[in-house]
Every structure is written in structure tokens, then in C-alpha cells.
Amino acid sequence: MALRAATVKVGDHREMSLVEDLTRTQIVQYAGASGDFNPLHSDEVYATQVAGYPTVFAHGMLTMGMTARILTDWVGDGRLLRYRARFIKQVWPGDTLTARAELTAIREVDGNPVADFDVVTRNQAGDAVLSGDASARLDP
Amino acid sequence: MAVERFPVEEGAILLFARAVGDPNPIYTDPAYAATTELGGLIAPPTFIQSSAHFDPDYPLRPKPGQAWFGSGRTPTGRTAETGGPGDGAGSGDAGGAKRGTGLHAEQEFEYHRPLRPGDVLTSETRPEKRWEKQGRSGQLVFSETITEYRDQDGQLVVTARGVGVRTEAPVAKESR
């Protein structure tokens, strides 16, 4: 069910646990589904010995995909008009991620209510790994 | 980079929704989806990224008969002659110690309507801005691309803006 403008106000916010103890297998699963087979994300030998990273790390787009859920579960399906994410820090195997979304504005576009949101996803250390914003069409 | 035919398929949507850990039945259960205002299955918001599967030249997918820069017998299949994939803004990029590492810095989607199984999309990507910045670990080079996805009727369905960044040194693992 879609979110109704009459039931929300600026400052409303939500939190959601996205993943606990992210596995290398889920990163591989995302590689297969997305088609992004960059070995930095799944090939420990390449990531450590060639690219110089401590281990493999998640696609930024996996974090963006997981984070989308806090928005779609809130505003309803098929309601997003825009969704933007900046990838701030690497997400590593074993990380636990929590997303927070806050409603920052309600405005009218062509007579229909549209809400703007800020979103941030943090790891278990409290560091932001993704920050972004989104807009969604609401019901009146 | 252009994709001539990206069929949006129910099975691919299921795999994608599983990979991002989203159990919402609007992506996987046609009987449920039929009861919603959408009237049928849709794809998750970032599913469009899987158009990479349908880009014949996508550099981050191994291709038969071509050297791959990931490990096999040796830690990388890349040699001085074969090099590695180019600068892939919008999807992250490969890179080794010598070339620095290409990473995905930012992604934005503008949705003109939800994607549904049965849609057949085409896309065109164009380079936009390019800029440089001094980062903690050296020079950072950013490059932006815009990709427009159109449906079988030529209507714009998603506009994607990607920003890739090439760094001189790998990023340290600080969060453990």
C-alpha cells in the first residue's frame, strides 16, 4: 500500500537492518544477478595480490540495492521517482548494515504530493558507507 | 556503450531480488502482485543495472577466448600486452596496483515508470563531466555518464547517472 501524505510529516524517520554478517556468497550472488563480475568483488587472490586490498568487498550497487528496501517498504511499490546514492566507504564481508531514512520535504508536483527523503546506511562501527536521497509519489 | 535489447524477465527479477535480500512479493509472486495497484510484478529499483548482461562489450564479464584480468593459474590474467578493461564509470571498474583502482562513486536513477517483466529495453550511454580531486591517497579522477533506457515503444523508462572514480592507491580496510 502506498504512503499517504496526510499521515506523514517532515522529520519522520525509519531504521531497518539490511544485512547481518554479509557473506562472500551474497556478494557472488549479486555479481551473478547484476552481471558485474569485477574480480575485486569475488576473487580473493586478485583482490589481495594484484589490487592490494585486504579482501574482496561488496559492489556499491549491492549496498544501494539493499538500501532501496527501506524506501520501498515505506513509500510503497512503484512509487519512487528518483533514487541517488554516493558510495562513501567499502562494505566488507562480515559487515552488518543498518539503513536510516528521513522524510525531508513534502511538495506538490502537478497537484500530487511528492516526498523527499535522505537516506544513510551505516556499518557496525557506525560509519556511513552510503548516503543518498530519493523522491517518491505519495497518495493524498 | 549501448544495449540493443534488454528483455526484462521474471526469472532475472527473482534472482536480483534475492541477491539484494529483498523478500517483497511484488518482485516474485504474480498472484500477489495481481492484487496490488500495480496489477502485476515489477522490478526492484536498482534492477536496471543488470542491463550489463546484455551489453556485448561490457568489460567486467569474462568472455570466451579473451584474457580475463581475474585470477586463474596466476593472480591476474592481465599482461602488459592485454591490459585491462577501460574506465567504466557507472559500474565500477577493474584495476590493478599499477593502474590504480576504478570504483563506483555515485549512482542516480530517475524513474519514469516501473519496469515490468515483458518490457524490452534499449539504452544509450553518453559521457558527461570529468573532473579531478586530490584525495587522501592521491589524485582522484571522476567521470560521469548518463544512460537513457527506453522501452519497446520508444518511451523513456529510466535515466541513470553514474560516476566512476579512479584512485592511485587501494582503499585501506578501516571498518573492521
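Biologist: Over which residues of chain B does pLDDT stay under 50?

Modeller: That's residues 86-99 of chain B. Keep in mind that this is a predicted model, so pLDDT here is the predictor's confidence in each residue.

Biologist: How many contacts beyond four places in sequence does the model have for them?

Modeller: It has 60 for residues 86-99 of chain B.

Biologist: OK, and what's the mean pLDDT of chain B?

Modeller: The mean is 87, and 83% of the residues of chain B reach 70 or more. For the model, the scores are ipTM 0.97 and pTM 0.92.

Biologist: New topic: how many residues does each chain put into the contact?

Modeller: Chain A puts in 50 residues, and chain B puts in 50 residues.

Biologist: Which element of chain A gives the most to the side that touches chain B?

Modeller: That would be α3(A), with 9 residues. Other elements giving two or more residues to that side include β1 (13-19) and α2 (44-50) of chain A.

Biologist: And how do the residues on that side of chain A divide up?

Modeller: There are 26 nonpolar, 14 polar and 10 charged ones on the side of chain A that touches chain B.

Biologist: Let's look at helix α1 of chain B, then. Which of its residues are buried?

Modeller: In α1(B), which runs over residues 10-19, the buried ones are Ile13(B), Phe16(B), Ala17(B) and Ala19(B). They sit on the same side of the helix, because they cover an arc of only 160 degrees around the axis.

Biologist: What covers them?

Modeller: The cover includes α1 (24-34) of chain A.

Biologist: And going the other way, what do the buried residues of α1(A) pack against?

Modeller: They pack against α3 of chain A together with α1 of chain B. The buried residues of α1(A) are Ile27(A), Tyr30(A), Ala31(A), Ala33(A) and Ser34(A).

Biologist: What comes just after these two helices?

Modeller: A glycine with a positive phi, in each case. Gly21(B) takes about 70 degrees just after α1(B), while Gly35(A) takes about 85 degrees just after α1(A).

Biologist: Last one: where does Arg78(B) lie?

Modeller: Arg78(B) is in the loop between α2 (30-34) and β2 (101-111) of chain B.

Biologist: Is Arg78(B) buried or exposed?

Modeller: Buried, because Arg78(B) has 22 other C-beta atoms within 10 Å, and the cut-off for buried is 20 or more.

Biologist: How far is Arg78(B) from Trp68(B)?

Modeller: They're 10 residues apart in sequence and 6.5 Å apart in space, going C-alpha to C-alpha.

Conventions: Residues are numbered from 1 along each chain as its sequence is written. Chains are lettered from A and ligands numbered from 1 in the order in which they are written. This is a predicted model: local features need pLDDT of at least 70, side-chain atom pairs count only at pLDDT 80 or more; totals for chains, interfaces and linings use all residues. A residue is buried if 20 or more other C-beta atoms lie within 10 Å of its own, exposed if 12 or fewer, and partly exposed in between; C-beta atoms are placed from the backbone. Helices (H or I, at least four residues) and strands (E, at least two) are DSSP runs, numbered from the N terminus. The arc is that of the directions from the helix axis to the C-beta atoms. Two residues are in contact if their C-beta atoms, placed from the backbone, lie within 7 Å. Ala, Val, Leu, Ile, Met, Phe, Trp, Tyr, Cys and Pro count as nonpolar, Asp, Glu, Lys and Arg as charged, and the others, Gly among them, as polar. pLDDT is the predictor's confidence in each residue, from 0 to 100.
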